[in-house]
Amino acid sequence: MARLAPVCRGSFLAQPFRQAQVFTPQLRRSCDLVKPANWRVKRSRRPSRFRLALAASALASQVDFFGRRMHREEGDDDNHFERQKHFVVKVFCMFSSQDPSNPWTNKQQEDRSGSGCVMMVEGQRCILTNAHVVADASYVEVRKAGNAKKFCAKRLKIAHECDLALLRVEDEDFWSDVSFLKLGSMPSLQDEVSVVGYPLGGDGVSVTEGVVSRIEIQTYAHSGVDLLAVQIDAAVNSGNSGGPVLDEESLLIGVAFQLQQESQNIGYIIPVPVIEHFLNDTDPKDPSRCQGFCSLGIFYQALENDQLRHFLGLGHRTGVYVRGMLPLSPAKDLVLTGDVILELEGHIVSNDGTFYVGFQERLSFVYLIQLKFPGQKVSVKVLREGEEICLEVPAQPTAPLVPVSVQDTMQPWFLYSGMLFLPLTVSYLQEWGSKWQQDAPVDLLMMQREGMKKDPEEQIVILSKCFPSKRTAGYSLLNERRVVSVCGQPVVNLRQMYSLIQQLQSKKDFIQLSLYCSGSELIAAVDTSMAKDVNEDIMRVYRIPAAASPDLLDQAGPDDLT
């Protein structure tokens with residue numbers, strides 16, 4: 001399977017790219033193409049308005065350092081030329097993420113760079129870029145094309161799920177000579193596009209061109225979520241992340257965000273529908289975050305087999321079979337296991353789970369659900385026991401049991417009798433390296449792949465490590481295992497487990513921990529009279545500043561082990 005990777009500079013290697021040329025109208029060429037009937041004629045490689053504008057500005061201008069002519073406005077001072085209008089910026093980010101294995105510390109500070117574009121969002125002047133460019137940021141700066149000065153920027157809004165972020169610059173000097181890009185629409189296959197940004201290989205702005213080669217649901221490498229993406233054959237390289245992708249009208253039709261590592265000139269952009277969803281989606285509890293993309297929480301099976309369709313009584317109809325549902329599915333009690341989904345939002349669902357979009361284009365029906373915002377309803381027609389039924393099903397985001405994107409969020413943890421407990425995340429599993437999906441503990445991988453939330457607040461709490469000491473000797477085989485219960489009481493999440501241990505500390509002589517193991521559970525016993533002393537010894541020897549993360553210490557009572 002081809003590997004996808006974000007393309008912010010500093011984290012990934014770049015691949016060769018081709019530089020776009022700037023054409024003038026005199027250099028246009030045309031050719032007659034003979035195509036069969038009903039076949040779409042491919043557009044000639046005519047220059048876009050973006051490139052023509054660059055060429056036109058050189059015609060009535062004065063000479064620069066290299067002998068090129070520069071545009072000059074009437075009324076300007078003789079010793080001052082009007083600065084070029086800017087819409088693309090280079091983004092510089094210093095970041096440091098939490099260490100999943102030693103959560104009381106951060107990893108070494110690093111730097112990365114990417115691209116961005118300026119636009120107006122609900123009357124606010126913003127810079128649109130990728131979330132992975134500014135994830136875990138401690139300091140962000142931006143620089144305009146042709147300008148040596150860097151300006152401090154702050155994050156205004158971020159959504160790791162769709163890999164988008166908005167930045168704000170408060171310095172008015174930054175906005176003095178910028179041109180705001182306007183959103184375009186979804187491109188068609190073979191439409192010409194221009195990718196603008198700051199890829200590896202130089203410090204100046206780069207423009208590459210290509211055509212739209214594919215439109216479908218793709219896995220976003222940053223979040224692991226499947227969303228709409230557009231594949232282009234223009235070079236997208238390390239550093240292009242967040243850069244604008246323009247059509248022939250110089251309208252923003254996407255944001256470059258990842259490439260296919262095993263291939264050349266296969267890049268992906270985040271299209272306008274996803275950008276618009278990001279801009280319009282705001283978490284009422286936190287305006288800097290989004291609520292996320294919706295789902296019905298169902299598992300389905302394609303119905304491409306004639307025998308299976310006949311068995312289900314489909315006849316001439318098409319659809320997909322509902323084989324199961326998430327325990328917290330918003331469609332629970334409305335859509336039932338065994339139903340056949342025939343239509344969504346008035347679109348006929350084919351036997352392979354797609355619906356018709358346009359000429360030679362089909363998309364997964366899941367996209368129709370992702371267009372909705374939390375609380376909105378999806379019109380669904382199902383076949384149930386031979387009868388067609390129309391339903392209005394509410395759509396809601398469905399969180400995985402093991403979180404994928406935990407950037408910009410400090411994960412909780414606590415130490416008890418020399419044992420480190422924390423919630424399982426994909427970031428924790430990725431500590432096993434680039435092949436973590438093969439090298440991480442099998443039991444934890446199975447929970448990440450197949451686990452489903454049964455409670456909205458459920459977390460997988462693991463015993464990450466037992467720090468070596470006299471009191472923890474022999475417990476090393478318990479490392480990297482899920483904590484199932486404490487003294488017979490089920491563990492729901494880390495906060496609940498922490499409170500439970502605080503309550504039992506003064507009531508019991510021993511606290512029994514039950515941990516998951518295939519076949520039967522493993523157990524560990526902790527002497528409550530020694531737990532605090534063991535904690536203090538471990539904290540002193542291993543230089544751990546506290547017995548728990550700040551959010552847990554805030555809820556601690558008088559019997560807190562710290």
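What follows is a short walk through a predicted model, taking the barrel, the helix across it, a covered strand, one loop residue and the nonpolar cores in turn.

Let me begin with the barrel, which is closed and built from six strands in the order β4-β5-β6-β9-β8-β7, with antiparallel pairing. From one strand to the next, the twist averages 40°. To take one pairing within this barrel, strand β5, residues 110–121, and strand β6, residues 124–129, run antiparallel and are joined by five bridges, and here M120 stands opposite R125 in β6.

Lying across β5, β6, β8 and β9 is helix α2, which runs at about 55° to β9. The helix spans residues 272–280 and is mostly covered, since seven of its nine residues are buried; those seven are V272, P273, V274, I275, H277, F278 and L279.

I turn next to strand β10, residues 192–197, where six of the six residues are buried. If you look at the directions in which these residues point, E192, S194 and V196 go one way from the strand, whereas V193, V195 and G197 go the other way, and all of them are buried. As for its partners, β10 runs antiparallel to β11, residues 206–219, with six bridges between the two, and E192 has V211 as its bridge partner there. Strand β10 is also joined to β13, residues 244–246, by two bridges, again in an antiparallel arrangement, and in that strand L246 is the bridge partner of S194.

That brings me to the loop between β12, residues 226–232, and β13, where D233 is found. Is D233 buried, exposed or partly exposed? Its relative accessible area is 27%, and because buried means under 20% and exposed over 50%, D233 counts as partly exposed. The side chain of D233 reaches the backbone nitrogen of V211 at 2.7 Å, V211 being the β11 residue that is the bridge partner of E192. Although D233 and E209 are 24 residues apart along the chain, their C-alpha atoms are separated by 8.0 Å.

Finally, the nonpolar cores. Which residues of the largest core touch the most other members? In that core of 89 residues, they are L128 and V142. Setting aside neighbours within four places in sequence, V142 is in contact with a list of residues that includes V89, V91, I127, F151, L167, V169 and F174, and also the lysines K90, K149 and K150. Apart from this core lies another, of 26 residues, with F421, L494, L515 and A548 among them.

Definitions and conventions:
Residues are numbered from 1 along each chain as its sequence is written. This is a predicted model: local features need pLDDT of at least 70, side-chain atom pairs count only at pLDDT 80 or more; totals for chains, interfaces and linings use all residues. Side-chain values use heavy atoms; hydrogens and water are left out. Buried means under 20% relative accessible area, exposed over 50%, partly exposed in between (1.4 Å probe, protein chains only). Helices (H or I, at least four residues) and strands (E, at least two) are DSSP runs, numbered from the N terminus. Two strands pair if DSSP finds at least two bridges between them. A nonpolar core is a set of buried Ala, Val, Leu, Ile, Met, Phe, Trp, Tyr and Cys residues joined through side-chain atoms within 4.5 Å. Contact means heavy atoms within 4.5 Å. A polar contact is a pair of N or O atoms within 3.5 Å; within protein, one must be able to donate a hydrogen and the other to accept it, and residues adjacent in sequence count only if both atoms are side-chain atoms. Axes are lines fitted to C-alpha atoms, for helices over the stretch in contact, and angles run from 0 to 180 degrees between N-to-C directions.
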